[in-house]
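Hello,

Here is the structure I promised to pass on. Please have a look at it first, and then read my notes below.

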Amino acid sequence: MTSTSPNSVNLRKRLTAKPLLQIMAVHSPLSARLAEEAGFDGLWASGFELSALFGLPDVSLVSMSEHLDMTRRICAVSSLPVIADIDTGFGNAVNVLHTIAEYERAGAAAVVIEDKTFPKVTSLVDGGRQELVRVEEFQGKVEAAVAARVDHDFLIVARTEALIAGAGEEEALRRAEAYVNAGADLILIHSKQSNPDEIVSFTRSWDVAAPLAVVPTTYSEFTPGLAETLGKIGLYIYGNHAIRASVSCMQKTFARIIADNHMMSAQQSIASLDELFRLQGMAQVKTNEARFLR
Ligand code: SPV
Ligand code: MG
């Protein structure tokens with residue numbers, strides 16, 4: 001069982017100690033535990049994953065309090081740094097002041113805020129409506145985020161959706177640099193191309209001191225090894241693999257049970273009850289019973 005002191009985690013230090021941190025998407029405390037046990041360096045409290053968990057599209061339907069509550073629960077069970085996906089910040093720059101205070105208090109180590117209009121549309125869907133806010137408006141949001149944080153090591157990651165919106169590399173570079181000038185610690189540069197070309201090109205052209213974050217879902221041949229070779233990239237985020245893994249496992253198991261009309265063969269390929277008890281911390285309950293129940 002992992003310890004529970006999220007505020008002691010210093011993502012900034014980890015970023016300097018290790019060239020590339022591998023961050024797994026999670027949508028629940030249970031998925032957070034599994035990602036930590038597997039050996040990832042940090043957790044991505046993904047808006048896409050939580051939307052999917054709620055059976056909703058990722059189009060700003062999950063409220064801040066819903067995402068915040070899940071982020072708090074994730075932070076409470078993991079000693080890994082949690083990077084919270086706050087979409088467009090849940091309002092304008094004034095709202096961002098409140099958002100940052102809440103996420104920092106919840107125990108997150110960083111937030112990622114993106115330069116799209118509210119309500120946003122998920123980035124990777126074909127033909128998605130991708131509208132960017134004015135650079136000055138987003139700089140105001142980044143400045144508000146920086147002003148609102150209490151701990152200097154709470155990282156503000158500014159995400160530009162310029163490539164997703166088809167605005168091109170020059171615009172992406174212009175925006176990213178403007179966001180660093182507004183105080184962003186890192187830049188998340190997102191792409192939905194099926195190959196890494198535009199991310200490789202952006203990274204090569206990036207000559208600002210702030211490290212980059214990438215979410216290579218659609219260009220998975222861009223491995224952590226390649227990202228490390230290219231340099232400049234600090235965060236390598238697996239954007240949605242927890243929820244996709246759980247969906248395919250449930251689909252296979254449910255189909256097997258219906259097809260067999262019993263559970264006997266399906267049970268061979270799913271986690272045992274003992275494994276669930278371990279993940280839930282039942283051993284500690286037994287210890288506590290022996291110690292405290294009279
Ligand atoms: C998320 O996981 O919520 C993200 C990454 O923002 S993506 O869905 O690729 O936009
Ligand atoms: Mg998201």
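**Ligand 1 and an aromatic pair**

The second largest pocket is the space that ligand 1 takes up. Here a pocket is an open set of points on a 1 Å grid over the protein atoms alone, with protein on both sides within 12 Å along at least five of seven lines; a molecule sits in it if more than half of its atoms lie within 2 Å of its grid points.

Before you go on: this is a predicted model, where local features need pLDDT of at least 70 and side-chain atom pairs count only at pLDDT 80 or more, while totals for chains, interfaces and linings use all residues. Residues are numbered from 1 along each chain as its sequence is written, chains are lettered from A and ligands numbered from 1 in the order in which they are written, and side-chain values use heavy atoms, with hydrogens and water left out.

Around ligand 1 (a heavy atom within 4 Å) you will find W44, S46, G47, F48, D58, D85, S123, L124, R159, H190 and G239. Polar contacts (N or O atoms within 3.5 Å) join oxygen atoms of the ligand to a backbone atom of F48 at 2.7 Å, to a backbone atom of G47 at 3.2 Å and to the side chain of D85 at 2.7 Å. The protein covers 99% of the 280 Å² of accessible area that ligand 1 has on its own (Shrake-Rupley method, 1.4 Å probe).

The structure also holds six aromatic pairs (ring centres within 6.5 Å). One of them is F40 with Y238: the centres are 5.6 Å apart and the planes at 65°, so this pair is edge-to-face (planes over 60 degrees apart).

Best wishes

Terms used:
Polar contact = N/O pair within 3.5 Å; in protein donor to acceptor, adjacent residues only side chain to side chain. 1 Å grid on protein atoms, 1.4 Å probe; cavity = no way out; pocket = protein on both sides within 12 Å on 5 of 7 lines; lining within 4 Å. Phe/Tyr/Trp six-rings, centres within 6.5 Å; stacked < 30°, edge-to-face > 60°.
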